[in-house]
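Here's a quick briefing to read alongside the coordinates. Have the viewer open and follow along topic by topic.

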Amino acid sequence: MKKQKVKKYKPGKLKRRENLMGYVFVLPWLIGILGLVLYPLIQSFNFSLNNIRMIPGKRVMQFIGIDNYTRIFLKDPTFILDLKSYITETIIAVPVIVAFALIIAMLLNGKIRGRGFFRMIFFLPVIIASGPVMTQLVDQDAATIPMLNLTMIQQMLNQYLPGFLAEGISSIFSNMITLLWYSGVQILIFLAALQKIDTSLYEAAKIDGGSGWECFWKITLPTIKPMLLLNAVYTVISLSNNDQNSLITLIYTTMLSATGGYGYASAMAWCYSIIVTVIVAAFALIIMGRKDVYERRAKKYRREVKKQERLARKIRKRGLRNEQRNAKKAA
């Protein structure tokens, strides 16, 4: 028996034109990635492996290998201490900001008067409190809650928690207003995700006797899980690049100092970038690592269907072989 050839259909003229337009729209982004991201990354990594001296009209580079990296971890305690503080504060601050943004978004999604006004109020700090404005507010102690006794809180934390953890939590309390100011974009993203959820799901759950708490854990949270990951990643990047980050200031001052230079500052920046990537990967693993019960059942069902299809194909092939044998014997 001859096997039937499967005809391969080429895309039509309209389809090819649509594909071409897609490439045209993506092309500026690709050019930006290659010219403004990839090339600077390669150049900074090259800088990190060299000792760079700036002389009038010229840049002198001396290859020293990984000496800048060993100097960071063996001879520079300031960077290591600031890095530990950054990791602790970020791991604590990201859940606080994301949880606060989710709570406010759920409140703003309800049927209340003046929703547009309140949405504007919560998003306004993203526009106003940035750059030099944020620096001035922090310098004037506008980022702290006046009613909190920070000294007493810090003493209690030092009494019951390890030093690095107590320092990170006390830093969160001392910059609580600043952290809440950073939640405007996250609120907007959560609000858009909540408005996309089909209301019939909540109606069906309430008919079956589901409470608001059960609806949140069974419907709302699984539905907006991708936005949860997006907000966590956005918050990590936002905290890592803001003007109040001591590591950013340290890298900048090291780059312009006589004892540091461009090479040593580039090595610092690469170590910092790797730590930020690890933190983002950790949050992604925590949020998206565990699949929903129904998703696991659906995946198991799909595996069973594929298994049955493979078994059916084997049976058909075996039947064809038997028919061919019988035909040969009859001939």
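**Helix H11 and its surroundings**

Let's start with Gly212, which counts as exposed because its relative accessibility is 58%, over the 50% cut-off for that class. Keep in mind that this is a predicted model. Its mean pLDDT is 80, and 79% of the residues score at least 70.

*Where Gly212 and Thr220 sit*

- Gly212 belongs to helix H11, which covers residues 212–223.
- From Gly212 to Tyr202 the C-alpha distance is 8.8 Å, with their positions ten residues apart in sequence.
- Thr220 is also placed in helix H11.
- Is Thr220 buried or exposed? Thr220 counts as buried, because its relative accessibility is just 4%, and the class takes anything under 20%.
- Thr220 and Ala193 are 27 residues apart along the chain, and their C-alpha atoms are separated by 9.4 Å.

*Aromatics in H11*

- The whole structure holds five aromatic pairs.
- One of them is Trp213 with Trp217: the ring centres are 5.7 Å apart and the planes meet at 70°, so this pair goes down as edge-to-face; the angle needed for that label is over 60 degrees.
- Trp213 and Trp217 are about one helical turn apart, because four residues separate them in helix H11.
- Trp213 counts as exposed, with a relative accessibility of 61%.
- Trp217 is partly exposed at 43%, since that value falls between the 20% and 50% limits.
- Trp217 also pairs with Phe216, again edge-to-face, with 5.4 Å centre to centre and 80° between the planes.
- Phe216 is buried, its relative accessible area being 15%.
- Put together, Trp213, Phe216 and Trp217 make up one aromatic cluster.

*The S1/S2 hairpin*

- Strand S1 (residues 50–55) runs antiparallel to strand S2 (residues 58–63), and six bridges pair them.
- Asn51 has Gln62 of S2 standing opposite.
- Further along, Met54 faces Arg59 in S2.
- Which residue of the hairpin takes a positive phi? That's Gly57, with a phi near 75°, in a hairpin that has two residues between the strands.

*A nonpolar surface patch*

- Seven names to select here: Ile112, Phe117, Phe118, Met120, Ile121, Leu124 and Ile127 form a nonpolar patch on the surface.
- Together these side chains' residues offer about 630 Å² of accessible area.
- Ile112 sits in the loop that links helix H3 (77–108) and helix H4 (115–128).
- Ile112 is partly exposed, with 39% relative accessible area, and that clears the bar of over 30% used for patch members.

*Ile248 in H13*

- Ile248 is found in helix H13, residues 246–256.
- At 32% relative accessible area, Ile248 is partly exposed.
- Ile248 and Met268 are 20 residues apart in sequence, with 9.7 Å between their C-alpha atoms.

*How far to trust it*

- Where is confidence lowest, and where is it highest? The low point is helix H5 (residues 132–139), with a mean of 64, and the high point is helix H14 (residues 262–288), at 89.
- As a rule, predicted coordinates shouldn't be read in detail where pLDDT is low.

How values were computed
Residues numbered from 1 in each chain as written. Heavy atoms only, no water. Patch = residues over 30% accessible without salt bridge, like charges linked within 9 Å, V, L, I, M, F, W, Y side chains within 5 Å. Areas by Shrake-Rupley, 256 points an atom, 1.4 Å probe, with all protein chains shown as cover. Salt bridge = Lys/Arg side-chain N within 4 Å of Asp/Glu carboxyl O. Buried < 20%, exposed > 50% of the residue type's maximum accessible area, 1.4 Å probe, protein only. Pairing = 2+ DSSP bridges. pLDDT = per-residue confidence, 0-100. Phe/Tyr/Trp six-rings, centres within 6.5 Å; stacked < 30°, edge-to-face > 60°.
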